[in-house]
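User: Could you take a close look at one part of this structure for me? I'd like to hear about the aromatic rings and what they tie together.

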Amino acid sequence: MIQYITKSELRDFASQLAPNERANLRKSASSRDLTGSTFLSHSSKDDDLVVGAIRVLEGHGARVYVDEIDPEMPPYTSEETAALLRKRIRQTSRFVLLASKNSKDSRWVPWELGIADGDKGLERLALFPALDSSYDNDWASWEYLGLYRRIVWGSLEGYMDPVWMVLDEKRNTAIALRRWLTAGS
């Protein structure tokens, strides 16, 4: 059985770090060499979940990029913002959308997902659903989200214990998160 991560679990992962460690993690996620890294897209309303998501992804071999405190990002939304986001998405090897009910209200999340889909295709793009409960599927009410693989927790053939994996529900296949993040980087 698979489980999606809950918002409270992501907050717990973040709370295991001291405030200065959380700040340093966020800062490093916006100022690194992007070659082989993973772009983490999220709604600004889910800002409290980002550190927990970074911890999960980096704990499995990712080098995560988050745009919000990128020193090159313009202070106000403009054509330059869009051009830089497009460039950052293309510079990274993987794209992960921290998906929640807030994602559909964001003006940037669907745009970033579209850019990533066109650049990376289905193989290098995954959703990381953050839910109110681990079995809640309301976030997937956008029909097109069903196209994408999902980062989940559960039993995977070849592993004794439950693992984080990238699940393709349509094909009923999965790959360990670490393998997906580091494959062809």
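Is Phe95 buried or exposed?

Analyst: Phe95 is buried, because its relative accessibility comes out at 0% and the cut-off for buried is under 20%. Bear in mind that this is a predicted model.

Now for the company Phe95 keeps. Phe39, Tyr65 and Phe95 make up one aromatic cluster, and Phe39 takes part in two pairs there, one with Tyr65 and one with Phe95. The structure holds 5 aromatic pairs.

Take Phe39 and Tyr65 to begin with. Their rings sit 5.4 Å centre to centre, with 50 degrees between the planes, so we call the pair tilted. Phe39 belongs to strand β3 (residues 38–41) and Tyr65 to strand β4 (residues 64–65), so this contact ties together parts that are 26 residues apart in sequence. Both Phe39 and Tyr65 are buried.

Then there's Phe39 with Phe95. Here the ring centres are 5.5 Å apart and the planes meet at 15 degrees, so this pair is stacked; planes have to be under 30 degrees apart for that label. Phe95 lies in strand β5 (residues 94–99) and Phe39 in strand β3, so the pair links parts 56 residues apart in sequence. Like Phe95, Phe39 has a relative accessible area of 0%, so Phe39 is buried.

One more ring contact deserves a mention: Arg94 lies over the face of Trp180, 5.1 Å from the ring centre.

Terms used: Residues numbered from 1 in each chain as written. Predicted model: local features only at pLDDT ≥ 70, side-chain atom pairs only at ≥ 80, totals over all residues. Heavy atoms only, no water. Phe/Tyr/Trp six-rings, centres within 6.5 Å; stacked < 30°, edge-to-face > 60°. Helix = DSSP H or I, 4+ residues; strand = E, 2+ residues; numbered from the N terminus. Buried < 20%, exposed > 50% of the residue type's maximum accessible area, 1.4 Å probe, protein only. Lys NZ or Arg CZ within 6 Å of the ring centre and 35° of its normal.
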